[in-house]
Amino acid sequence: MVKMTTIARVTDGLPLAEGLDDGRDLVDAEMYKQQVKALFKNLSKGHNEASRMSIETGPYVFHYIIEGRVCYLTMCDRSYPKKLAFQYLEDLKNEFERVNGAQIETAARPYAFIKFDTFIQKTKKLYQDTRTQRNIAKLNDELYEVHQIMTRNVQEVLGVGEKLDQVSQMSSRLTSESRIYADKARDLNRQALIRKWAPVAIVLGVVFLLFWVKAKLW
């Protein structure tokens, strides 16, 4: 069964719409919602480049598709057919683009298209029972294949994002420290030159001063 559905903008992870009754019958619903937020955060940073992916998490699987800078994500039971999950997402994508496509880039607040929940609920009902004639026909549709869509583990996906963040932070820190060391090295070189040539400059200054005084007196 389809358990959760969320639509978000990929560029910044902003949630645009979701199923309002999602997670009510789920144990640890909040944990899965946090995983969804973390996945969107990773996607906004470009950590996962696949436009279609399945991600296993406990007894469930996240399925998502990315189209037009928008991510359509659903969480289903592991036993739910992958083919139906992605066709469900395709139906959401087509309707969402048709109704809200022109406003996606300018949306400034979370869940700006929350009214899309009506279509989500209606479509979800069509896909809940895998034994209906309609869904059996979709499962047998040879033109829609999902075998090549990658399946990964949620810890692996989120772990990669965390490691990349750590590498990025370490790189920034090293760059900052390198700048500090370079500035200190320049200061030390400047001070060394001053210490080396200051006595010479003082002597020359005194000599020139004596010559100048002597010239004035004569």
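**Exercise 1. What is the phi of G46, the residue that follows α1, positive or negative?**

Solution. Residues are numbered from 1 along each chain as its sequence is written. This is a predicted model, where local features need pLDDT of at least 70, side-chain atom pairs count only at pLDDT 80 or more, and totals for chains, interfaces and linings use all residues; side-chain values use heavy atoms, with hydrogens and water left out.

- Step 1. Find the elements. Helices (H or I, at least four residues) and strands (E, at least two) are DSSP runs, numbered from the N terminus.
- Step 2. Go past α1 to G46. Its phi is positive, near 75°.

**Exercise 2. Which residues of α1 are buried, and what arc do they cover around the axis?**

Solution.

- Step 1. Check the helix. α1 spans residues 29-44, 16 in number. From first C-alpha to last it reaches 23 Å, close to the 22 Å expected at 1.5 Å a residue. The expected span is 1.5 Å times one less than the number of residues.
- Step 2. Apply the cut-offs. Buried means under 20% relative accessible area, exposed over 50%, partly exposed in between (1.4 Å probe, protein chains only).
- Step 3. List the buried residues of α1: A29, Y32, Q35, V36, L39, F40, N42 and L43.
- Step 4. Take the arc, which uses the directions from the helix axis to the C-beta atoms. The buried residues cover only 160°, so they sit on the same side of α1.

**Exercise 3. Which element gives the most residues to the largest nonpolar core?**

Solution.

- Step 1. Define the core. It is a set of buried Ala, Val, Leu, Ile, Met, Phe, Trp, Tyr and Cys residues joined through side-chain atoms within 4.5 Å.
- Step 2. Size it. The largest core has 27 residues, and I7, L16, F96 and F116 have the most contacts inside it.
- Step 3. List the elements giving two or more residues: β1 (2-9), β2 (15-18), β5 (70-77), α2 (82-100) and α3 (117-128). α2 gives the most, with 7 residues.
- Step 4. Look at F116. Leaving aside neighbours within four places in sequence, F116 is in contact (heavy atoms within 4.5 Å) with I7, A17, L92, E95, F96 and N100.
- Step 5. Note a second, separate core. This one has 22 residues, including M4, F62, M75 and V157.

**Exercise 4. Which residues do shared salt-bridge partners join into one network?**

Solution.

- Step 1. Set the criterion: a side-chain nitrogen of Lys or Arg within 4 Å of a carboxyl oxygen of Asp or Glu. The whole structure holds 10 salt bridges.
- Step 2. Take R52 and E90. Their closest N and O atoms are 2.5 Å apart. R52 is in strand β3 (residues 52-57) and E90 in helix α2, so the pair ties together parts 38 residues apart in sequence. R52 is partly exposed at 24%, whereas E90 is buried at 14%.
- Step 3. Take E97 and K93, at 4.0 Å, N to O. Both lie in α2, 4 residues apart, about one turn. E97 is partly exposed at 32%; K93 is buried at 9%.
- Step 4. Take R98 and E95, at 2.7 Å between closest N and O atoms. They are 3 residues apart in α2, about one helical turn. R98 is exposed at 61%, but E95 is buried at 18%.
- Step 5. Join the bridges that share partners. The network holds R52, E67, E90, K93 and E97.

**Exercise 5. Where does R69, a non-glycine residue with positive phi, lie?**

Solution.

- Step 1. Read phi: about 65° for R69.
- Step 2. Place R69 in the loop between β4 (60-67) and β5. R69 is exposed, at 52%.
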